[in-house]
Amino acid sequence: MRKTGADIFVDALVKEKVDCLFGIPGGVVLPLFDKLYDSPVNLILTRHEQAAGHAADGYARASGRVGVCLTTSGPGATNLVTAIATANFDSVPMVAFTGQVKTLLIGNDAFQEADITGITRTITKHNFLVKDVCDLARIIKEAFHIARTGRPGPVLVDLPVDVSLAEHECEYPSEVKIPGYKPNYQGNPRQIGLAAAAINNSQRPILYVGGGAVLSDAHNEVFALATKASIPVTTTLLGLGAFPEDHPLSLRMLGMHGTVYANYAIMDSDLIIAVGARFDDRITGRIDSFAPGAKVVHIDIDPTSISKNIMVDVPVVGDARNILESLVEMIKPADHKEWLEKIETWKKENPLVYSNDGGLKPQYVVEQIHDATNGEAIITTEVGQNQMWAAQYYHFDRPNHFITSG
């Protein structure tokens, strides 16, 4: 049975189990919207394309599924750039569909034409320009696969209007085969063994947990590792919720806006076990003086993130949850009494507090929101001081409940 490109597009969304699509109609995507009208996909109409992109991003962060958005060509597509860049920086699985002028007009400065694949090449995990309806089903399948696997990220599919209207007889692919793209999920057994040995031999270890642990759903494994070996845990902004902040081993957030005791601990540690974190400048400050006495074990599914900012002693490439499961079995129980007592002293001497002069403080308001919601709310913030107050005073104890841009 022959189908139009628009039919193939909608069928693909259904096959990928997309239940929400965020977007705005426009001239070259009207064939897609005509088909969406009678489809089971729930279209969320936004008032600006950038909002559609951020909504898809937030949906993905809260649900763990791929967020999807759809805009028209030219200005509609370029309005997505900030949202795509945010998703790319924070490793959020997202597929952005943009309309494009007819294939014969591409490159001729046609009405509402923009080279969106060129514009977004450095801020997407991958992008596609569909030139033939025969390739459409395969490309959409590959787009969702790339977005959700390995280190997640945004993928853009640029769809010319004549491809949407063209007809083709096809079946939606049941599997994906992309030469050269095979993410490593298990981790090298020798490297995992070296990481376990480093943990067993350390006296002042610290777990430094980032957003990758949340993305891989590794919070239970983080907890198991920390409690078995009595390792204090500090998190990044995007790692909040990967370890309960009311636990005695929690150091809460570290870095420029983190707690004093988390920063003291990482600087005095002899081993840093980094899980899904990138050692960015807000954490390290001056690279040449960061944690000078510590060896570094770095667990990350993205090999390009390892030794990018901080030289690593034991790299372990793979999925955080799988690797931590193996580590928990290999490490020995420990108490690290002296180390934890030292940290407890720092906690007492340098608590996270704010002045109480009788006025209504933002920090107090955030704490009251936490108490009123029993810590179960999904918190979203803008970027800036409000973001830091939320991170510092809400006390996150579960993943996927802090939706913010890193």
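**Tour: two cores and a surface patch**

Select F9 first: leaving aside residues up to four places away in sequence, F9 touches L32, L36, L70, F97, L136 and I140 (contact means heavy atoms within 4.5 Å). This is a predicted model, in which local features need pLDDT of at least 70 and side-chain atom pairs count only at pLDDT 80 or more, while totals for chains, interfaces and linings use all residues. Residues are numbered from 1 along each chain as its sequence is written, and side-chain values use heavy atoms, with hydrogens and water left out.

Next, add L13 and F144. Together with F9, L36, L70 and F97, these residues touch the most other members of the largest nonpolar core, which has 37 residues. Such a core is a set of buried Ala, Val, Leu, Ile, Met, Phe, Trp, Tyr and Cys residues joined through side-chain atoms within 4.5 Å; buried means under 20% relative accessible area, exposed over 50%, partly exposed in between (1.4 Å probe, protein chains only).

Colour the elements that give two or more residues to this core: α1 (5–15), α2 (30–36), β4 (67–71), β5 (94–100), α7 (136–148), β7 (154–160) and α8 (161–165). Helices (H or I, at least four residues) and strands (E, at least two) are DSSP runs, numbered from the N terminus. The largest share, eight residues, comes from α7.

Then select V222, I231, L249 and L271, which are among the 32 residues of a second, separate core.

Move to E349 in helix α15 (residues 337–349). E349 is exposed, at 55% relative accessible area. Its C-alpha is 70 Å from that of H168, and the two are 181 residues apart in sequence.

Finish at I369 in helix α16 (residues 362–372), which is partly exposed at 40% relative accessibility.
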